[in-house]
Amino acid sequence: MLDVEVQELDTGVRLVGSVTSGLQPEIFLADTIENGAGYVSYLAEPAHFDQLVRALEELVDSWADSDRHSCGTSCYRCLRDPGNSPYHPLLDWRLAADTLDVVRYGTPRVDRWAQTRRLAVEAAMRAFSWECDDPGADEPILTTHRRPLRVVHPLADHLNDPGGAVDGDVFNLNLRPGAVYLTV
Ligand SMILES: [Zn+2]
């Protein structure tokens, strides 16, 4: 939209206090140069902001199209750039797309994790000799060497259900299975 480099804009999350709801996170976008270059003022116009968010939604939808983009977690065509290299191992386009959906609609519009979840469950079954009746389920339950493990969405808000099963999210089971192993 602006034809500027990534480095021209800064973004992040800050916590804002409110009497009624406590601390709430806010995502901010700012011009990098002091006193501003006017880019964010332009984007803050409601019509331009709508256009920006629509373009962003089209972008994240294009990442899910395996004919146009096929990376397991992140690459230079989706989330990586030289400026965020310390975070490359943590970046996952599914998490980014789901976060956009949660901010806009309250919940992800589609299940972007089906394939990753099944492969991560099957890898854990092989690596740890765990068992699972239905690795393709929305929230598969693994029988482990200790407590059962329920594999949930990384943004699920019901982690650590006290009902017996331990919750582990698919993002960590995929990238850090050893860390999930230690939680059961
Ligand atoms: Zn990618």
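In this predicted model, the largest nonpolar core holds 14 residues. Seven positions touch the most other members: Ala-120, Val-121, Ala-124, Leu-142, Val-151, Val-170 and Leu-173. Three elements each give two or more residues to this core: α4 (114-128), β4 (149-152) and α5 (170-175).

Take Ala-124, one of the residues named above. Which residues is Ala-124 in contact with, leaving aside its neighbours within four places in sequence? They are Trp-130, Leu-142, Leu-173 and Pro-177. Two of these contacts, Leu-142 and Leu-173, are also among the core members that touch the most others.

Next comes the sheet. It is open, has three strands and runs in the order β3-β4-β5. Its pairing is mixed. β3 (141-142) and β5 (166-169) are the edge strands, and each pairs on one side only. Between β4 and β5 the pairing is parallel, over four bridges. Val-151 has Gly-168 in β5 as its bridge partner. Val-151 also appears in the list of core residues that touch the most other members.

Elsewhere, two helices pack together. Helix α2 and helix α3 meet at an angle of about 145 degrees, and their axes lie 10 Å apart. The crossing is left-handed. The table shows which residues make the contact.

| Helix | Residues of the helix | Residues in the contact |
|---|---|---|
| α2 | 46-63 | Leu-56, Glu-57, Val-60, Trp-63 |
| α3 | 93-105 | Trp-93, Ala-96, Ala-97, Leu-100 |

What kinds of residues make up the contact of α2 with α3? Seven are nonpolar, none is polar and one is charged.

Technical notes
Residues are numbered from 1 along each chain as its sequence is written. This is a predicted model: local features need pLDDT of at least 70, side-chain atom pairs count only at pLDDT 80 or more; totals for chains, interfaces and linings use all residues. A nonpolar core is a set of buried Ala, Val, Leu, Ile, Met, Phe, Trp, Tyr and Cys residues joined through C-beta atoms within 7 Å. A residue is buried if 20 or more other C-beta atoms lie within 10 Å of its own, exposed if 12 or fewer, and partly exposed in between; C-beta atoms are placed from the backbone. Two residues are in contact if their C-beta atoms, placed from the backbone, lie within 7 Å. Two strands pair if DSSP finds at least two bridges between them. Axes are lines fitted to C-alpha atoms, for helices over the stretch in contact, and angles run from 0 to 180 degrees between N-to-C directions. A crossing is left-handed if the near helix is turned anticlockwise from the far one by less than a right angle, and right-handed if clockwise. Ala, Val, Leu, Ile, Met, Phe, Trp, Tyr, Cys and Pro count as nonpolar, Asp, Glu, Lys and Arg as charged, and the others, Gly among them, as polar.
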